[in-house]
Amino acid sequence: MNKKTTIEVQNLSKTFGQTKAVQNVSFKVEKGRIFGLLGPNGAGKTTTIRMINYIITIDEGTILINDQPVSPKTQKLIGYMPEERGLYKKMKVGEQLMYLAQLKGLNAKDAETNIRYWLNRFKAADWHLKSVGELSKGMSQKIQFIATIVHDPDIYIFDEPFSGLDPINSELLKEIIIELRDKGKTILFSTHRMEQVEQMCDDICLFNNGKVVLTGNLRKIKKDFGKNTILLEYDGDGSFIDDLDDVRINNRSTNFAEIRLLNDQDPQAILKTAIEHAKIHKFELVEPSLNEIFISTVGEDNIKTEEAA
Amino acid sequence: MSWRQIYLVLKREYITRVKSKGFLAATFLVPLGIILLYGVFIAIFLWDSEVTYEIGVKDETSQIVASLQETSPQRYLDMTELEVDSLRTLVQTGELTGYVVITEENLTENRPLELIYSGGGGLALLSSIRTDMREVFRQEQLKRAEVTEEVQQIFETRIGVESRRLTEDGKETEDDSAFLSILGVAMGIIIFGAIFGYGGYIMRGVIEEKTNRIIEVITSSVKPIELLTGKMMGVGALAITQIGIWLLTLSLIAMAAAPIATLFMSGESTAEQMAAMEAAEEELPFIFSIPSIETSVIVYFVIFFILGYLLYSSLFAAIGSAADSETDTQQLILPVMVPIFIAYGILLHAMNTPDSMLSVIGSLVPFFAPIVMISRIAMTEVPFWEIGLSIFLMIITFAGTMWLSAKIYKVGILSYGSSAGYKDLFKWIKQG
């Protein structure tokens, strides 16, 4: 695999008044990969993304895009879909996409071709003359995707892309992201919902409290943590799970539990206890979930979340 | 700064606004409104004399009332036979507006007359009665003094004062002072309105981009300063288009005004209306024939219009970026509104005394200048150094406000959730 670095963030810091939003952050996004920026709300993901997009200035450190420092020129290499999404309500779909594509440096002719292509692709060819205010939420989300990718950049950045999307558009966006990656494009997206990342990301970077706590290849990170998590499916009284020592219960429902073993607790002992108390359908030893990796890296007490507005 | 980006923003701002229904309505309804107002103006002028107030006159000298009736037969009624009590009753029941008792003492000893009236008719009635009485009394006194015809004639004389303006190059021109005062005030008020109107457009445009949440998409392609510049230029182009259409329509109206006014009248004009029209023409000649406006005044109008617009619209943009919704702007907008209203006050002062100290200073202070200076330029001879200094100071101030606004704007557009106060604005300026 070609290991060319597309986005390189080095010792990046940003302070707003008293708040250190980002502190000494470094990571690399390689070409042709899907990179996940993970962490709770308020961890500094959006601030980092905005600096990569040259929307806010860097206090300290550098960001290189294809080996160039961020500038209006590097902005044009990126398709960015912010967490706070929106379009001009009174403008027509066609005009709006044309405007956004031209701002990204496309000439009118190429922009027109790309707009036609994507509107057809999303079965929206006849929306060209509709104003955005007339569209349903799902429809305008599709227009938002097109607005992000219409100028055919090499790099795509999505900030919390799945928040607020309906299930159909969520699937559509996943398809687009995978398709773009297969075409050799580079994708960076942020999310606070770890499970989304597991399915899509090649590499990750975990953020907490403005700092990077872990970064690297997702497979490798998981492998390094070892198979120390039990997935248990059972029938009957599950209260025995509460009495287990040296474990952490992460995910639990009436007949399912994800149990993380701590302090070299023996999985066989747990299986034994389980059989005594309930009917076991499944007992599997797996690599920990990303959420579990995050918790055990940061420490349960150090996770600071800031409720999103 | 990239001019291509600024041009794209400018084009969008201009085209989406110029096509909007609100713009079309305002552009074409305003001249229509002016025509209507103009018609009403003429109508008021011609027909306000129709209401008559009846004043009962009890003339104990029996020499005055006849002359009064000659002056205005509808107004003064000879009621010498009636008792004062019945006159009072007539006023109380509303059959008379008022009454006057004239005695010999009034005539010989100059004792003031007493008008007892219901209070209707306003100041105009009082002053016209006063004029009538003075005239009639003087004539009667002259008659009694048995002065010669010649002396009587002397008292009749009303010397006229005609005025012409002497220009610097020694030419005498028609004096249009009355017209020029109105032109000056009108120009000041147009700029006053434009600052509010187009400044408000900018402010709402900025807020709209924030509430639509499109701002972050845009700023990932365009620098805030480019966006701000493009916006101000786009709305500025819109302003010029609109004012241009208005001025064009107005000059067409002006050309057509005299024929229309005549047409208006010709159908059923009585002798009285013709007289009123003649009087009107004498007092306000420009209703019927609009004097030409000097080109330099129009050029200055455009300069002050643009500078005033730029100066204030940059501030309005900053306020918009700091607010989260239009209702949030109220506390921030006050310091911007105050100078505009002070300027308006000075404008009204300058209308009568365009060369007073206050007017001169007002026309030099950058925040007042666009409104005050243009009206002075129209009304009076303003030395070139004053105009030059005023323009220079405005440009300097604009550079300053633009610099400040750009800093506030840059941070403001990306801060959602809570509206900023002044403390935040200062922080943002320091940050930028």
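Here are some notes on this predicted model, taken chain by chain and then helix by helix.

1. Overall look of chain A. With 10 helices and 14 strands, chain A mixes both kinds of secondary structure. Its C-alpha atoms fit a box of roughly 70 × 45 × 40 Å along the principal axes. Chain A has 309 residues, and 39% of them count as buried. If you look at contacts with a separation of 6 or more in chain A, 71% of them join residues 24 or more positions apart.

2. Two positive phi values in chain A. As a reminder, most residues other than glycine have a negative phi. Tyr54(A) has a phi near 60°, and it sits in the loop between α1 (45–52) and β4 (60–65) of chain A. Asp67(A), also not a glycine, has a phi of about 70°; its place is the loop between β4 and β5 (68–69) of chain A. Are these two residues buried or exposed? Tyr54(A) is buried, because 23 C-beta neighbours lie inside 10 Å and the cut-off is 20 or more. Asp67(A) has 9 other C-beta atoms within 10 Å and is therefore exposed. Both loops may be worth a look on your screen.

3. Where the chains meet. The contact draws on 22 residues from chain A and 19 residues from chain B. On the chain A side, the elements giving two or more residues are α2 (72–75) and α3 (93–103). Of the elements there, α3(A) gives the most, with four residues. By class, that side of chain A divides into 12 nonpolar, five polar and five charged residues.

4. Helix α1 of chain B. This helix covers residues 3–18, which is 16 residues. From first C-alpha to last, α1(B) reaches 22 Å, close to the 22 Å expected at 1.5 Å a residue. Its buried residues are Gln5(B), Ile6(B), Leu8(B), Val9(B), Leu10(B), Arg12(B), Glu13(B) and Thr16(B). Among them you will find Arg12(B) and Glu13(B), in case you want to inspect those side chains.

5. Helix α14 of chain B. Which residues of α14(B), residues 357–364, are buried? They are Ser359(B), Gly362(B) and Ser363(B). Down the axis of α14(B) these buried residues fall within an arc of 95°, so they line one face of the helix. A general point helps here: an α-helix has 3.6 residues a turn, so residues three or four places apart point the same way. The face turned away from the buried side of α14(B) carries the exposed residues Met357(B) and Ile361(B). As for partners, the buried residues of α14(B) pack against α13 (329–352), α15 (369–379) and α16 (384–412) of chain B.

6. Ile377(B). This residue belongs to helix α15 of chain B. It counts as buried because it has 26 C-beta neighbours inside 10 Å. Leaving out residues up to four places away in sequence, Ile377(B) touches Val297(B), Tyr300(B), Val382(B) and Ile387(B). Its C-alpha atom is 7.4 Å from that of Gly184(B), although the two residues are 193 residues apart along the chain.

7. Helices α16 and α17 of chain B. The axes of α16(B) and α17(B), the latter spanning residues 422–431, come within 8 Å and cross at roughly 100°. That makes α16(B) roughly perpendicular to α17(B). Leu404(B), Lys407(B), Ile408(B), Val411(B) and Gly412(B) from α16(B) meet Leu425(B), Trp428(B), Ile429(B) and Gln431(B) from α17(B). Sorted by class, this contact has six nonpolar, two polar and one charged residues.

Methods: Residues are numbered from 1 along each chain as its sequence is written. Chains are lettered from A and ligands numbered from 1 in the order in which they are written. This is a predicted model: local features need pLDDT of at least 70, side-chain atom pairs count only at pLDDT 80 or more; totals for chains, interfaces and linings use all residues. A residue is buried if 20 or more other C-beta atoms lie within 10 Å of its own, exposed if 12 or fewer, and partly exposed in between; C-beta atoms are placed from the backbone. Two residues are in contact if their C-beta atoms, placed from the backbone, lie within 7 Å. The arc is that of the directions from the helix axis to the C-beta atoms. Ala, Val, Leu, Ile, Met, Phe, Trp, Tyr, Cys and Pro count as nonpolar, Asp, Glu, Lys and Arg as charged, and the others, Gly among them, as polar. Axes are lines fitted to C-alpha atoms, for helices over the stretch in contact, and angles run from 0 to 180 degrees between N-to-C directions. Angles under 35 degrees count as roughly parallel, over 145 as roughly antiparallel, 65 to 115 as roughly perpendicular and the rest as oblique. The expected span of a helix is 1.5 Å times one less than its number of residues.
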